[in-house]
Amino acid sequence: DINPSHSMVEASATFKPRTNAMPLLVVLCLLSLNLQMAAAAENCAADGDKAVASVTNSIIQGRVDALAGVKLTVHPDSDVAKKGRGEWIILPDGGCRQGDLEALAANMPNNTRALIHGHPDSGGLCFFVMEGTREGVLQKLTMHHWKNTPNVETDTAVYLDQYGQESDKLKDDVEGDVPWGLDRIDAREGLDGSFKPMSQKGGVDVHVYVMDTGIRTSHEEFGGRAVPTLETFEHVPKACEGDNDCAVDNNGHGTFCAAAIGGHSAGVAPQATLHAVKVHDGTNGTAKSLYLAFDWLLSQDLPVASTVFSMSLNLGDVVIFPPSLRSALTETYDRGITTVLASGNHGSSFGGWVLHDKTAAAIQVGAVGKKDKEWESNGKRYDILAPGVGVQSAWITEEESVWDNKKPGFVLQVVPSDTGKKTFDGTSAAAPHVAGAAALLLSEAKSRDEAFSPAAVKKTLMKHGSDFCKGKIACHDKRVMLYIGRQDKYNYEINWMQEAEWARPGATKRSGSNTLPPWGTYEADKDVHLVLR
């Protein structure tokens, strides 16, 4: 805990480097390097210290620079790696106060800028963002005394599921009274043309925050249940506060995902409230945009037992998982909020979220096709599988036949639409099924004056999921397929509330500063394991 009588930041104090960690020559060389550093590294190595070149190369590869004890990470796709200058996220270790972050912003080195910081006093996150070169951020670090060594990283790109694609499945494969994805997850195997989940509450009274490209809230799938909530993709948080021109989806990805979560015909939880949190404009998105969204949302005093965060985004081929996002996910878990992530479509050991420590802080989702064939581009690590190939959901446009006087004749034209639909493949289509399933569990529990912790949601879905490898010769790992039907494998009624806790009416645990105690800090759940393909 921070002693109230001492600020984390003291502008007059001196940061003391670990002089015994490296020879002075190494430190001087490192401080002089820019990001076009190959030649400089060779010069330092030629002076007799090959460690400099090794450390230099490791920085470009996204590894950790232990200079003076500071964990400084340069992500390969960052502006710093590409141009030598960009945005840095500083995470003080051990928490902080608002005044600490304001003190950081008040005293900046030449040729650097303070950009934005978190709002820990109101329940947000402890972070500080500045712009400058590597030398500039190191100078900034030396200007202050730190209670604990901070984590420092460059901002990094966040992508939509770029390897996801519009499905080439026949329309009659997905256009029916019940979408095949819904039909599949209420049965142990096969399709029966119906959707009868474990709860008839439909996710009512549950709020799902869709961190994506925004939502076309006027689409018929939502029936007024989609709410413009927040924009951070331009790097300055903007609360929508009823503005229908805020968090508008100009790409389609966010609308598709939101409808698969809670659309009236396409969604798993058709009574849930869906919040548009725009962190990506369809072309550009960053880890900082996501971090700002987490900071804002966690400071809003959300009712955690009826809140879900859903993200169908990718980190690209990152070498090191961004400490800022790991911190945000863990903090969200500690507050009691369930988070669902797409595992990514890279089909490699990197990409997606790649939570290497088998964290219980989020549920990671892989995709399967209609005949239970696993999506070949799934990220390597996931917790659970869900329908993600040939999935149909809402879209922001549709083709319309219009008369063209120049031809003359009718031509097809793409126009904005509140009735549009599209069919896609990928983990972006799979993760919403699990977010919707989580909403069903939370809604049913609330109706009984009970509540699920994030770990309990994950454990319940994993425990009652179907054995994906059953009957598959080439399937050797334990893999779980999402199931939210009513009977177990022996046709006995499932007690879906077994892991829920009794919740005292009116004593709602919330996410912000005015909170009751959360469920506790994160510890790895030994009963829940990620699948390694």
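**Chatting through links and buried spots**

Student: Which way does the link of C96 and C126 turn, and how many degrees are there about the S-S bond?
Tutor: The link of C96 and C126 is right-handed, with 130° about the S-S bond. This is a predicted model, where local features need pLDDT of at least 70 and side-chain atom pairs count only at pLDDT 80 or more, while totals for chains, interfaces and linings use all residues. Residues are numbered from 1 along each chain as its sequence is written, and side-chain values use heavy atoms, with hydrogens and water left out.

Student: OK! What parts does that pair tie together?
Tutor: C96 sits in the loop between β3 (85–91) and α5 (98–106), and C126 in the loop between β4 (113–117) and β5 (128–133), so the pair ties together parts that are 30 residues apart in sequence. Those labels come from DSSP runs, numbered from the N terminus: helices are H or I with at least four residues, strands are E with at least two.

Student: And what kind of bond is it, in general?
Tutor: A disulfide is a covalent bond between the sulfur atoms of two cysteines. Here we call it when the pair of cysteine sulfur atoms is within 2.5 Å, and C96 and C126 have an S to S distance of 2.1 Å.

Student: How many disulfides are there in the whole structure?
Tutor: A search of the whole structure finds two. Besides the pair we just discussed, C240 and C246 form a disulfide, with their sulfur atoms 2.1 Å apart. The torsion about the S-S bond of C240 and C246 is about -65°, so that disulfide is left-handed.

Student: Is C240 buried or exposed?
Tutor: C240 is buried, at a relative accessible area of 4%. Buried means under 20% relative accessible area, exposed means over 50%, and partly exposed is in between (1.4 Å probe, protein chains only). C246 counts as buried at 1%, and C96 and C126 are buried too.

Student: Let's switch to helices. Why is α8 described as largely enclosed?
Tutor: Ten of the ten residues of helix α8 (residues 253–262) are buried, so the rest of the structure largely encloses it. Among them is C257, with 2% relative accessibility.

Student: Which residues of α5 are buried?
Tutor: In α5 they are Q98, D100, L101 and L104. Seen down the axis of α5, these buried residues fall within an arc of 165°, so they line one face of the helix. The arc is that of the directions from the helix axis to the C-beta atoms.

Student: What do they pack against?
Tutor: The buried residues of α5 pack against β4, β5 and α6 (134–142).

Student: New topic: salt bridges. How many are there?
Tutor: The count comes to ten. A salt bridge here is a side-chain nitrogen of Lys or Arg within 4 Å of a carboxyl oxygen of Asp or Glu. Side chains of opposite charge can pair when their charged atoms come close.

Student: Can I have an example? Where are E87 and K288?
Tutor: E87 is in strand β3 and K288 in helix α9 (residues 287–298), 201 residues apart. Their side chains meet in a salt bridge at 2.6 Å, N to O. K288 is buried, with a relative accessible area of 4%, whereas E87 is partly exposed at 23%.

Student: Which residues are linked in a network?
Tutor: R85, R113 and E131 are linked in a network of salt bridges. Within it, E131 and R113 have their closest N and O atoms 3.6 Å apart.

Student: One last spot: where is S417?
Tutor: S417 is in the loop between β21 (409–416) and β22 (421–425). At 3% relative accessibility, S417 counts as buried.

Student: What does the S417 side chain reach?
Tutor: The side chain of S417 reaches the backbone nitrogen of T419 at 2.9 Å. That is a polar contact, a pair of N or O atoms within 3.5 Å; within protein, one must be able to donate a hydrogen and the other to accept it, and residues adjacent in sequence count only if both atoms are side-chain atoms.

Student: And which residues is S417 in contact with, leaving aside neighbours within four places in sequence?
Tutor: S417 is in contact with R216, H219, W395, I396, T397 and E398, where contact means heavy atoms within 4.5 Å.
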